[in-house]
Amino acid sequence: LAALFPVLLTGCSHCPRIESEPEVRRDTVMATGATRLSAETRNGDLVVRSGEAAGEVAVTAHVVGIAATEDAALAVRDRIEVVTGQQDGVVTVGWKWSTPPEECEEARVRFEITALPEWFVALESSNGDLAVHGAGGAGVDLQCGNGDVRVLGVAGPIKAATSNGAVHVSGSAPTLELETS
């Protein structure tokens with residue numbers, strides 16, 4: 001039977017998937033004059049909570065390397081750069097590879113971000129959940145390719161879409177534009 005159906009018995013990928021332990025990285029972005037948060041991750045969750053630290057945005061990244069061996073997964077994790085900044089009133093958060101990934105190498109980065117409650121929040125993930133708790137008073141725009149979207153206690157307009165997951169909204173918002181497929 002195994003000779004007839006090797007993919008079924010060995011999995012869909014030819015690559016072993018060993019994950020490193022998450023490495024926690026913290027950053028603070030000076031956000032004086034900012035009114036908007038824009039965060040993106042290709043693979044991982046984004047969680048934004050309301051905070052009152054005027055002029056600062058706290059960012060915590062949980063970085064995981066994925067490869068064929070434990071040592072390779074640790075090396076992958078070390079090649080992930082968390083990128084933050086502020087320009088023209090927009091605080092940006094994301095990650096990039098320091099060198100391109102090899103075959104069978106992946107990374108996952110989960111962000112926890114604290115933003116001012118009155119800001120506009122825009123989040124995007126290709127593969128992971130998105131959540132906003134109490135931030136986004138000027139509105140939220142959440143775009144998710146594969147994961148759930150959760151919005152709690154947002155006073156501004158809400159636009160949320162996912163192509164493979166659920167959308168959950170709790171609280172009152174002046175307008176809702178929700179999509180799931």
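This passage describes the disulfide, the salt bridges, helix α2, two buried residues and a surface patch of a predicted model.

The model is predicted, so local features are reported only at pLDDT of at least 70 and side-chain atom pairs only at pLDDT 80 or more, while totals for chains, interfaces and linings use all residues. Residues are numbered from 1 along each chain as its sequence is written, and side-chain values rest on heavy atoms, with hydrogens and water left out.

A good place to start is the covalent cross-link. The structure holds one disulfide, where a disulfide is a pair of cysteine sulfur atoms within 2.5 Å. The bond joins C15 to C104, with an S to S distance of 1.6 Å. C15 sits in the loop between α1 and β1 and C104 in the loop between β7 and β8, so this pair links distant parts of the chain, 89 residues apart. Helices (H or I, at least four residues) and strands (E, at least two) are DSSP runs, numbered from the N terminus. The torsion about the S-S bond of C15 and C104 is about -45°, which makes the disulfide left-handed. C15 is buried, with a relative accessible area of 13%, whereas C104 is partly exposed at 25%. Here buried means under 20% relative accessible area, exposed over 50%, and partly exposed in between (1.4 Å probe, protein chains only). Another cysteine, C144, is buried, with a relative accessible area of 6%.

Charged pairs come next. Side chains of opposite charge can pair when their charged atoms come close. With a salt bridge taken as a side-chain nitrogen of Lys or Arg within 4 Å of a carboxyl oxygen of Asp or Glu, the count comes to nine salt bridges. One of these joins the side chains of E106 and R17, at 2.6 Å from N to O. Because E106 belongs to strand β8 (residues 106-115) and R17 to the loop between α1 (6-10) and β1 (18-19), the pair ties together parts that are 89 residues apart in sequence. E106 is partly exposed at 31% relative accessibility, and R17 is partly exposed with a relative accessible area of 46%.

Strand β8 also supplies R110, placed opposite D45 in the loop between β3 (36-43) and β4 (46-50), so that this pair ties together parts 65 residues apart in sequence. The side chains of D45 and R110 meet in a salt bridge of 3.9 Å, N to O. D45 counts as partly exposed at 25% relative accessibility, as does R110 at 29%.

A further salt bridge brings together the side chains of E105 and R79 (2.9 Å, N to O). E105 lies in the loop between β7 (90-97) and β8, and R79 in the loop between α2 (70-78) and β6 (80-87), so the pair ties together parts that are 26 residues apart in sequence. Both E105 and R79 are buried. Salt bridges that share partners also join R17, E19, E106 and R108 into one network.

Helix α2 has buried residues A73, V76 and R77. They cover an arc of only 100° around the axis, which puts them on the same side of α2; the arc is that of the directions from the helix axis to the C-beta atoms. On the other side of α2, D71 and D78 are exposed. The buried residues of α2 pack against β1, β2 (23-30), β5, β6, β7 and β8.

Two buried residues illustrate contacts elsewhere, with contact meaning heavy atoms within 4.5 Å. T60, found in strand β5, is buried with a relative accessible area of 14%. Not counting residues up to four places away in sequence, T60 touches V24, R25, R26, R110, F111 and E112. G51 is placed in the loop between β4 and β5 (56-67) and is buried, with a relative accessible area of 11%. Leaving aside neighbours within four places in sequence, G51 is in contact with T114, A115, L116 and P117. The C-alpha atoms of G51 and A135 are separated by 7.8 Å, although these residues are 84 residues apart along the chain.

Finally, V169, L176 and L178 form a nonpolar patch on the surface, together offering about 240 Å² of accessible area. Patches are made of residues with over 30% relative accessible area and no salt bridge, joining like charges within 9 Å and nonpolar side chains (Val, Leu, Ile, Met, Phe, Trp, Tyr) within 5 Å. Accessible areas come from the Shrake-Rupley method with a 1.4 Å probe, and for residues only the protein chains shown count as cover. Within this patch, L176 lies in strand β15 (residues 176-180) and counts as exposed at 51% relative accessibility.
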